[in-house]
Amino acid sequence: MLQFDNAPKKATNLSLNSKVLEMARELGLNISQTVDELLAEEVRRRYREQWNERNKEAVAAYNARVAQYGLP
């Protein structure tokens, strides 16, 4: 599984909707932390999607073998 814990932070520039940003600040959100967590979640989701696509034939073959012969 992808792990992003304890990685150093890196400054970056983002373009965000100004109204959303203003409201987030009014609500006391930590913008950097929120974006970091949501981006990590999206990276994990897309990584899983790509892994599933790359391995779909192997997974299908394994499932067919289990269906035919069962588990050991």
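Visitor: What does the secondary structure of the protein chain come to, in helices and strands?
Guide: In this predicted model, the elements run α-α-α from the N terminus on. The count for the protein chain therefore comes to 0 strands and, under the DSSP runs used for helices, 3 helices.

Visitor: What radius of gyration does the protein chain have, set against a compact globule of 72 residues?
Guide: Along the principal axes, the C-alpha atoms fill a box of roughly 60 × 25 × 20 Å. A compact globule of 72 residues would have a radius of gyration near 11 Å, whereas the value for the protein chain is 20 Å.

Visitor: What percentage of the 72 residues is buried?
Guide: The protein chain exposes about 7000 Å², with 54% of that area supplied by carbon and sulfur atoms. Counting as buried those residues with under 20% relative accessible area, the share among the 72 residues is 3%.

Visitor: How far apart are the end C-alpha atoms of H2?
Guide: Helix H2 covers residues 31–54, and at its N-terminal end Asn 30 acts as a cap, with a side-chain oxygen 3.2 Å from the backbone nitrogen of Ser 32. At 1.5 Å a residue, the 24 residues of H2 should span 34 Å, which agrees with the separation of its end C-alpha atoms, 34 Å.

Visitor: Is Leu 39 buried or exposed?
Guide: Leu 39 has its place in helix H2 and joins Phe 4 and Val 43 in a nonpolar surface patch with about 250 Å² of accessible area together. Because its relative accessible area is 52% and the cut-off is over 50%, Leu 39 is classed as exposed.

Conventions. Residues are numbered from 1 along each chain as its sequence is written. This is a predicted model: local features need pLDDT of at least 70, side-chain atom pairs count only at pLDDT 80 or more; totals for chains, interfaces and linings use all residues. Side-chain values use heavy atoms; hydrogens and water are left out. Patches are made of residues with over 30% relative accessible area and no salt bridge: like charges are joined within 9 Å, nonpolar side chains (Val, Leu, Ile, Met, Phe, Trp, Tyr) within 5 Å. Accessible areas come from the Shrake-Rupley method with a 1.4 Å probe; for residues, only the protein chains shown count as cover. A salt bridge is a side-chain nitrogen of Lys or Arg within 4 Å of a carboxyl oxygen of Asp or Glu. Helices (H or I, at least four residues) and strands (E, at least two) are DSSP runs, numbered from the N terminus. Buried means under 20% relative accessible area, exposed over 50%, partly exposed in between (1.4 Å probe, protein chains only). The expected span of a helix is 1.5 Å times one less than its number of residues. A polar contact is a pair of N or O atoms within 3.5 Å; within protein, one must be able to donate a hydrogen and the other to accept it, and residues adjacent in sequence count only if both atoms are side-chain atoms. The radius of gyration is taken over C-alpha atoms; the globule rule is 2.2 Å times the number of residues to the power 0.38.
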